[in-house]
Amino acid sequence: MKSTVSKALFIAFAAFVAISCSYQQEHQYRIVFLQCCHDEWRDVMNSEMKRELAFHPEINLEIVDSYSDTEKQVEQIRSLAKQKIDLLIITPNEAKPLTAAIEEIYKSGIPVIFVDRKTDSEHYSAYIGADNYELGKTAGKFIASQFRSGGSIIEIQLEMTSSPATERNRGFHDAIAAAPNLKIVEALETKNGLEDINTHIPRILNEHPETNIVFAHTDFLGVTAYKVAQKEGKVKNLFFVGIDAIPVTKGMQDVKNGVLNATLLYPTGGAEAIQTAVKILKKQPFKKENKLLTNVITSDNVDIMLSQIQKIKEQQVEIEREILKITQLNKTYSSQRNRLYFISALLTIVVILGAFLYFLLQEKQHSNKILEEQNLAILEQKNEIEKVSLLARKATEDKMRFYSYISHEFKTPLSLILTPTEDLLQRKNTDLKETHSTLQLIYKNANRLLRLVDQLLEMRKLDAGKMELERSQNDLVAFIKDIVGDFSVKAKQKHIDLQFISPFKELSFAFDTEKLDKVLFNIISNAFKFTPDGGLIHVSILKNTDKIEINIADNGIGMNAEEKAHAFDLFYRGNKNISLGTGLGLALSQEFVTLHGGEISINSEKNKGTTFKISLPIIETKQVLEEKSTAISYKTTYEFDDSEPLLIKNNSKHTFENTIILIEDNRDLNLFLNQKLEKQYNVVATENAEQGWQEILSYIPDIIICDVMLSGMDGFALTQKVKSDFRTSHIPVILLTAKSQIENQIEGTKAGADDYILKPFNQQLLEEKLKVLVENRDRMRRRFSNEVINPNQLQKGERRFLLEFEALIDKNIKDSTLSVEKLSQELGMSRVQLFRKISALTNKNVADYIAEYKLQKAKILLKEEEKNIAEIAYELGFSTPSYFTTFFKQKTNQTPTEWRNG
Ligand code: ATP
Ligand code: MG
């Protein structure tokens, strides 16, 4: 991500730089013009240059004057050579002294343009100047044309050291030579300037009175000569011709004024110099030698010329104004262009950043999406893990439940083996009949254990996938008939309509006899267990093209939805009596049917009956032969459980002091315990807690022995019920449990059980515990009967009961007709229940208890109150004071008065 950000910023920056660079300012050139000297003609040259420059804003021109100082000009050249200039324009002051310096600068790569004059060297870029020879020649030709008939000429020359002077002279002489009528009377070289004119012109005019023409190399020299001739009074016949034609003020004006008759235009070349410079700088083709043309100006054309010049000047002003405007516009344009560039650069950056942001957003959305997907995957995994852990937990719980069931299932028959064995060992006299029945009990339970172990082993084999089918071809009709036949005796006993209905006489079919026998036996014996006397059990067979269906229908107690859903679960026994089975039968049956490739299903409704449907695919004999076929006829031997509800009320001749209610759903254990206990106690034995509770209420027994694992209300629930009802709360409860886990003991104590005994238990231990409980109770009773009632000694519930009971007595104490019935009614108990409760707690009957209470109260009243004996007697509900006195004396051997004073 970091690298993408820096990449984007870099792109934006590069774009900015590129756009900024695309705006290039036009290249500016630096040109220096070294002017030799100063005069009006040169001023014209300078201003022509400037005018031309107006069209080239890219060129900066510096004009430097050396004021006719040659050395100075050399110095100027040298200093320029060191600076950065693009081009040099020069009018050399003198030819020779400057040649070297100019050559040097030219060779250093700076183009050099000569204007007007040049040096002797050939090393220069271009020359611009008037052709002085042509000038001289034109002047000669013009004069010849004006003076065809002949004329005498005075030539006033410049100093003949400069090239223009010699050239002009040469040209002039060549033209005059071609005109035979003309002659030069004298050529005057102005070595000393005007001095020579002043001195020599009057002389020449005197010496050559025929002179009619004066040709001067410059207008200035001509005008000066004019003035001298004028002074001499000889001007009238003279024709003056000059060179230069400086506009407006000089030359041209002199023509206009009639001083000069004609002047030859000597072009400065300023404009041409700049034009050539531009070509050189821009690498365009240019001419090295540029000769400027001349023109003759006379009174005929001077006005036109002047007005043209005037116009040019005005146009120049206009052009400059326009240029100024253009410059300003250019400035505005360039600043706006700059702004535009800047804005477009910014815009580009914005666009790039925008694109980058969009990219980032896309990235973010993409990563968000990935994150979301990952989250979803994690959530799914979490759910999966939760599911798996739930399954694992359930599996562990199932396993734990399995172990606790297994231990319970084992401990019950084990108790019924160990306890009777101990009993046998301890027995001194050997009553044969009793010994036989005890041994039978042991045998039966050992068998039961064996069956349990068998079933478990089968389960294990099934679990490990090692269970194999051993099919053999058999007649299914005969097979089922045989099994149903085994139940006929039982059906007769229970008056049950047991039928086997088959449309076939014989049905040959390949199946595992041992396994199908177990399945059918279990389902039919279930039907017997859960069908009351007088019901019906019908077994039938049907055959389709590819399967056989066996239906076992009963009209028994049926199953609710929950029971139906769990019927095939291991150890599931629904809400049925626990002693009726282990809950393994159907689980195994289902596995066996599945092994046959078949299905088993239940159709059942509560209180309407149940139908089990077993469908088995018909397997061809050929196929069967391929399978392992060992046709061992197997017949399971089963003992039948007797499902008559058990309620044994001990009606033996002996009535013992203490009554025990025994609640145990295992019939064998119940019978065994009953047998043992009935020798010392009155025993009422039941198989379930609901019935047990009814018996408890009607007997208010001295001890309750109850199994923990009961179907319906279990041992803990019963204990809680007993302990929270004030009619029964005093009765000690012993819980019998096969569950040895400590938390069950805690649960038992919380419910208020007084003791618990773990299965398999020792018969003697149970008897000991019973004895201790009885003794404790007796000790408590004795204390109550001898001492003043001290409710603190009792358990909380009992104390509350007695306090309530006493409060009730106190409320009714004045009532001389107060009876046990009335009190028990007010307490919501039966007379017997009240009697047994008070007797259990205090070893007194209710009437004695009331009397005792009245006595205690009388004692207190006699000591504390001011009341007389009669008053106290009525207050305590005695019908007469004398009855009270007799009662008091009987109990204390003192009369109330003696007690009061004693
Ligand atoms: P086991 O067969 O191991 O001795 P069981 O008979 O209690 O013990 P299953 O044969 O597995 O166990 O039956 C499971 C439970 O399904 C029974 O305890 C009972 O609650 C219910 N059940 C089975 N058959 C019937 C039936 N015909 N009518 C009503 N309830 C039934
Ligand atoms: Mg069963």
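This is a short chat about a predicted model of a protein chain with a bound magnesium ion.

Me: What are the ground rules here?
Reply: The model is predicted, so to speak: local features need pLDDT of at least 70, side-chain atom pairs count only at pLDDT 80 or more, and totals for chains, interfaces and linings use all residues. Residues are numbered from 1 along each chain as its sequence is written, chains are lettered from A and ligands numbered from 1 in the order written, and side-chain values use heavy atoms, leaving out hydrogens and water.

Me: How many helices and strands are in the protein chain?
Reply: There are 30 helices and 25 strands. Both are DSSP runs numbered from the N terminus: helices are H or I with at least four residues, strands are E with at least two.

Me: How much of the chain is buried?
Reply: Of the 902 residues, 46% are buried. Buried means under 20% relative accessible area, exposed means over 50%, and partly exposed is in between, with a 1.4 Å probe and protein chains only.

Me: And what about contacts with a separation of 6 or more?
Reply: Residues 24 or more positions apart account for 71% of those. Contact means heavy atoms within 4.5 Å.

Me: Let's do sheets. What is the order of the six-stranded one?
Reply: The order is 2-1-3-4-5-11, in an open sheet with parallel pairing. Two strands pair if DSSP finds at least two bridges between them.

Me: Which strands are at the edges?
Reply: Strand 2 (59-65) and strand 11 (289-292), each pairing on one side only. The twist averages 15 degrees from one strand to the next. Angles run from 0 to 180 degrees between N-to-C directions, and axes are lines fitted to C-alpha atoms, for helices over the stretch in contact.

Me: Which helices pack on that sheet?
Reply: Helix 2 (residues 40-53) is one of them, touching strand 1 (29-35), strand 2, strand 3 (87-90) and strand 4. Its direction makes about 170 degrees with that of strand 1. Helix 4 (residues 96-107) touches strand 3 and strand 4, at about 140 degrees to strand 4.

Me: How many bridges join strand 4 and strand 5?
Reply: Three, in the parallel sense. Phe-114 stands opposite Tyr-127 in strand 5.

Me: What about the sheet with strand 14 in it?
Reply: That open sheet has five strands in the order 14-16-17-19-18, with mixed pairing. Strand 14 (497-501) and strand 18 (599-605) are its edges. Helix 17 (residues 585-595) packs on it, touching strand 18 and strand 19 (609-617).

Me: New topic. What coordinates the magnesium ion?
Reply: Asn-522 and Asn-526 do, each through OD1, at 2.2 Å. Donors are N, O and S atoms within 2.8 Å of the metal (3.2 Å for Na, K and Ca); water is not among the atoms, so sites may look incomplete.

Me: Where do those two asparagines lie?
Reply: Both are in helix 15 (residues 513-529), four residues apart, about one turn of the helix. Both are buried.

Me: How many disulfides?
Reply: Zero. A disulfide here is a pair of cysteine sulfur atoms within 2.5 Å.

Me: Anything odd in the backbone? What is phi at Ala-245?
Reply: Near 50 degrees, a positive value in a residue other than glycine. Ala-245 lies in the loop between strand 9 (239-244) and helix 9 (251-256).

Me: And is Lys-283 buried or exposed?
Reply: Lys-283 counts as exposed, at 74% relative accessibility. Its phi is also positive, about 55 degrees.
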